[in-house]
Amino acid sequence: MASKLLECYTLIKRDISGIPVDINQPMKQFKLDLSKLFDLQVLLIEADPDLLHLFKQMLLNLGIKKIETARQIDELLGRETPVNVDIIFLDYAVDTQLTGGEIVDQLIQHGILPNRTRLVLMAQQNDRAQYAIEYPYHLISYLERPFNKVTLDQELKQHVLFYPQLRPLLTLAGIGRYADCLKLLLHTQSQPLPSGLEQILQRLRVQLLLDLHKFDAVIPLLKAPIAEQQGWALWALFRVRYERGDLTACQAFLTDSSEELARYMQRRELWLIYLALQERDYAAALQVVNKIPAVGMSSNLVRLVHLVMILADEFERAQDFIERKRRLAVRGELYVQLSIAQTRAVLWQLQHSEAEQRPALLSQLEQLQTQIRQDKTAAVFSVSVRLLEAHIWQFLDSTEKALQLIQDHLREVQWQQQPAYVLCHAALVFHSLQQTQLAADLLFYADNQIQSMLDNCHRVFIGCLHQHAFDLVYPAATRSIAYQQMASRYVQQQNLLAAAKMLRRACRYEPQNQTLRQALYKLMQQLGIQRFRGINLPQEQT
């Protein structure tokens, strides 16, 4: 133990620009306010009690007195008093069932990590830690273990030095005021800046332009970082190409075997699966799945791999896969999530089974239900559990009985406030119960949430779930009409970009429908977009 605590410490540090920072460079011209440094409020999340103690002592020796600690994420999420700190130091491996990216997701969803709070991820030579987090409007940096007090001091000082310029920018971006944020950023860039901040601001500028769909302004800013093979810039170019409809270039990018892109393995896998599901090419999706290592999958990726195996008619393999993952989880939220996924898969099999197979499948469903109910964390997924029960009752008794069960237990549910993955599940259940309009509403609510999500892996994952639910609810002959109806609802909400996305999808099913295409052209004109997902605005309409 002593050797672990007294070992020689080294550092490789990266800021949110993804570029190594020379932390020993003098901070000329900008004087550090030591009172702000000593007033910092810090949260340490570290599983190892000895390292936690050492870390806390290092901070105390640096003059940091306001320190909170936690050894588990559940302990942190269960606190009654809201967490309000300036910097969070997070052990990337603090939870054995969640990846570091999933832990960050939880911290953000529970309000523990707002845009103004800096996150420092601590990992031991783990490239995936540095490339798994996709929150461009958060302050995120990385410390490679082991590190020393000097390193820690520089991390704290850099936060104090950069914070006055970054806080107002990230606050505006965090509430979706991208245009206002861009104006303030351009003004900030015209002023003298601390060393190292310009690179962060330039990356933030690119992200804002992407979210404002000003792609022509993005390309010149990417030339230098792309020449240096900086990963964030390569992904920014990918997004430009995707939004413009250059799917061939997107596929080439996602299958590129270069060293830099190899670090973004999970993001590439999710995108390849998403693009395959968009084309209903389940064989291609399965090829991607077959290459994914079984160890180290996020919970979202586990559920998606399971879904792809089912869609590709690999049902037995899918069930073996999810059962192994369930056994590893043992209990808790992950166990319940995977049990729900397995129950839905058995229901899928039940819907397509012969009469002689049904008793065994119904028995399996009853066993899975019992296992879910016995887990204390099942209450977290109460809506999903009730939806499963209703769907099962449709087969045990009747559609009317299932609807009555939903009426009894889910009457007070505000569907628009449910997570998108629950809405996709609910849409399939209500479609099975012949409640077609409600199923359509739920799919629209889910898509509405997707439109407002940040462009990251979670959004791609939810997009996969939504595409699957949409394809089951609407047969191919009615999908164009369904997309047009969603577009009309978006126009009523004044969300013209989302409406254009829906019309673009409708055009795929009716490529010769000129009325539909003219409606899309009109929206592109209003949005000021010349090229949109493979559609070019005619010159006479520019």
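Which are the buried residues of helix α15 (residues 282-290)? The legends below, which describe a predicted model, begin with the whole chain and then come back to this helix.

**Figure 1. The whole chain, with its 27 helices and eight strands.** The C-alpha atoms of this predicted model fill a box of roughly 75 × 65 × 45 Å, taken along the principal axes. A compact globule of 542 residues would have a radius of gyration near 24 Å, and the chain agrees with this expectation because its own value is 25 Å. Buried residues make up 54% of the 542 residues. Among the contacts in the chain with a separation of 6 or more, 64% are accounted for by residues 24 or more positions apart.

**Figure 2. Helix α15 and the helices that help to cover it.** Ala-285, Leu-286, Val-288 and Val-289 are the buried residues of helix α15, which runs through residues 282-290. When the helix is seen down its axis, these buried residues fall within an arc of 155 degrees, so they line one face of α15. Ala-283 and Gln-287, on the other side of α15, are exposed. The cover over the buried residues of α15 includes α14 (265-278), α16 (299-311) and α17 (315-329).

**Figure 3. Helix α12 and its buried residues.** Within helix α12, formed by residues 247-254, the residues Ala-249, Cys-250, Phe-253 and Leu-254 are buried. Looking down the axis of α12, one finds its buried residues within an arc of 135 degrees, and therefore they line one face of the helix. The partners against which the buried residues of α12 pack are α11 (231-244), α13 (259-262) and α14.

**Figure 4. The largest nonpolar core and the surroundings of Trp-271.** The largest nonpolar core has 117 residues, and those with the most contacts inside this core are Trp-271, Ile-273 and Trp-415. When residues up to four places away in sequence are not counted, Trp-271 touches Trp-235, Phe-238, Tyr-242, Leu-254, Asp-455 and Val-460. Another core, of 31 residues, lies apart from the largest one, and Tyr-178, Cys-181, Leu-210 and Ala-236 are among its members.

**Figure 5. Asp-91, a residue with a UniProt annotation.** An unreviewed UniProt entry gives Asp-91 the annotation "modified residue: 4-aspartylphosphate". Asp-91 has its place in strand β4, which covers residues 87-91. Its relative accessibility is 8%, and because of this low value Asp-91 counts as buried. Leaving aside neighbours within four places in sequence, Asp-91 is in contact with Ile-45, Glu-46, Ala-47, Met-122 and Arg-145.

**Figure 6. Ser-299 and its polar contact with Glu-102.** Ser-299 is placed in helix α16, and with a relative accessibility of 9% this residue counts as buried. The side chain of Ser-299 makes a polar contact, at 2.4 Å, with the side chain of Glu-102. If residues up to four places away in sequence are not counted, Ser-299 touches Leu-334 and Gln-337 as well as Glu-102.

**Figure 7. Thr-117 in the loop between α5 and β5.** The loop that holds Thr-117 lies between α5 (100-109) and β5 (118-123), and Thr-117 is buried, with a relative accessible area of 1%. Not counting residues up to four places away in sequence, Thr-117 touches Val-85, Asp-86, Ile-87, Ile-88 and Leu-139. Thr-117 and Tyr-163 are 46 residues apart in sequence, while their C-alpha atoms are 9.6 Å apart in space.

**Figure 8. His-213 and Val-330, each with a positive phi.** Most residues other than glycine have a negative phi. His-213, which is not a glycine, has a positive phi near 60 degrees, and Val-330 has a positive phi of about 70 degrees. His-213 is found in the loop between α9 (197-211) and α10 (215-227), where it is buried, with a relative accessible area of 15%. Val-330 is in the loop between α17 and α18 (333-351), and at 47% relative accessibility Val-330 counts as partly exposed.

**Figure 9. Residues 480-513, listed by UniProt as a repeat.** In an unreviewed entry, UniProt lists residues 480-513 under "repeat: TPR". In the predicted model, this span is 79% helix and 0% strand, and its end C-alpha atoms lie 10 Å apart.

Notes:
Residues are numbered from 1 along each chain as its sequence is written. This is a predicted model: local features need pLDDT of at least 70, side-chain atom pairs count only at pLDDT 80 or more; totals for chains, interfaces and linings use all residues. Side-chain values use heavy atoms; hydrogens and water are left out. Buried means under 20% relative accessible area, exposed over 50%, partly exposed in between (1.4 Å probe, protein chains only). Helices (H or I, at least four residues) and strands (E, at least two) are DSSP runs, numbered from the N terminus. The arc is that of the directions from the helix axis to the C-beta atoms. Contact means heavy atoms within 4.5 Å. UniProt positions are given in the numbering used here, feature names are shortened, and annotations may be inferred rather than shown by experiment. A nonpolar core is a set of buried Ala, Val, Leu, Ile, Met, Phe, Trp, Tyr and Cys residues joined through side-chain atoms within 4.5 Å. A polar contact is a pair of N or O atoms within 3.5 Å; within protein, one must be able to donate a hydrogen and the other to accept it, and residues adjacent in sequence count only if both atoms are side-chain atoms. The radius of gyration is taken over C-alpha atoms; the globule rule is 2.2 Å times the number of residues to the power 0.38.
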